[in-house]
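Hi,

Here is the structure I promised to pass on. Have a look, then read my notes underneath.

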Amino acid sequence: MTNIFFPDEKVTRDDVYFICYMIERVARKLKQRNSYVVNSIGVNELVRLLCLANVLHSQNPIQVEDEWINEYKLTEGTFDITDVDEELVDVIPTETQMGKVYMRLIFATLLPDENYAEAILRVYNDSICDILDNYNSSAYYEPSYVIARAYNQGGF
């Protein structure tokens, strides 16, 4: 995907990872699902954010969270992804770990002629996210190729 601000530069895998990481941070902070965050931002703004990711990653992530919440008028919800059964879950995956899970899934399922923003929206709106975001199961911990296969087959 070409950077809209610098046409001679490409949006990188690291840029997609950063955006996935920030989606996870914002969703957790607001107690919302990731799909709420990406749908509220929309495809055009995701393109813009992806193209600015190489600059945004050097800012304080708390500042970026607050900017997204204000700019996209995101509201607090009731979905607490960290509310898990402590008998089943010793450690909740971090925002960085889940950002990598989603980034890998986006690249593993990228469609021809699809830009990264469209792929982010497609993946985060798939029903597989309900399984990946249920930390009482181990789906998020599966190897990337297993998650991609489950995505392509419609579930685990």
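Below is what turned up, starting with the ground rules.

This is a predicted model, so local features need pLDDT of at least 70 and side-chain atom pairs count only at pLDDT 80 or more, while totals for chains, interfaces and linings use all residues. Numbering starts from 1 along each chain as its sequence is written, and side-chain values use heavy atoms, with hydrogens and water left out.

First, the core. The largest nonpolar core (buried Ala, Val, Leu, Ile, Met, Phe, Trp, Tyr and Cys joined through side-chain atoms within 4.5 Å; buried is under 20% relative accessible area, exposed over 50%, partly exposed in between, with a 1.4 Å probe and protein chains only) has 54 residues, and Ile19, Trp68 and Ile120 touch the most other members. Elements giving it two or more residues include helix H1 (13-30), helix H3 (43-56) and helix H6 (116-124); helices are DSSP runs of H or I, at least four residues, numbered from the N terminus. H1 supplies the largest share, eleven residues.

Leucine 52 sits in helix H3 but is partly exposed, at 24% relative accessible area. Its C-alpha is 21 Å from that of arginine 122, 70 residues away along the chain.

Now the loop between helix H4 (61-71) and helix H5 (95-108), where you'll find aspartate 85. Aspartate 85 is partly exposed at 35%. Threonine 94 belongs to the H4–H5 loop too and is partly exposed at 34%. Between the C-alpha atoms of threonine 94 and threonine 82, twelve residues apart along the chain, there are 9.9 Å.

Cheers
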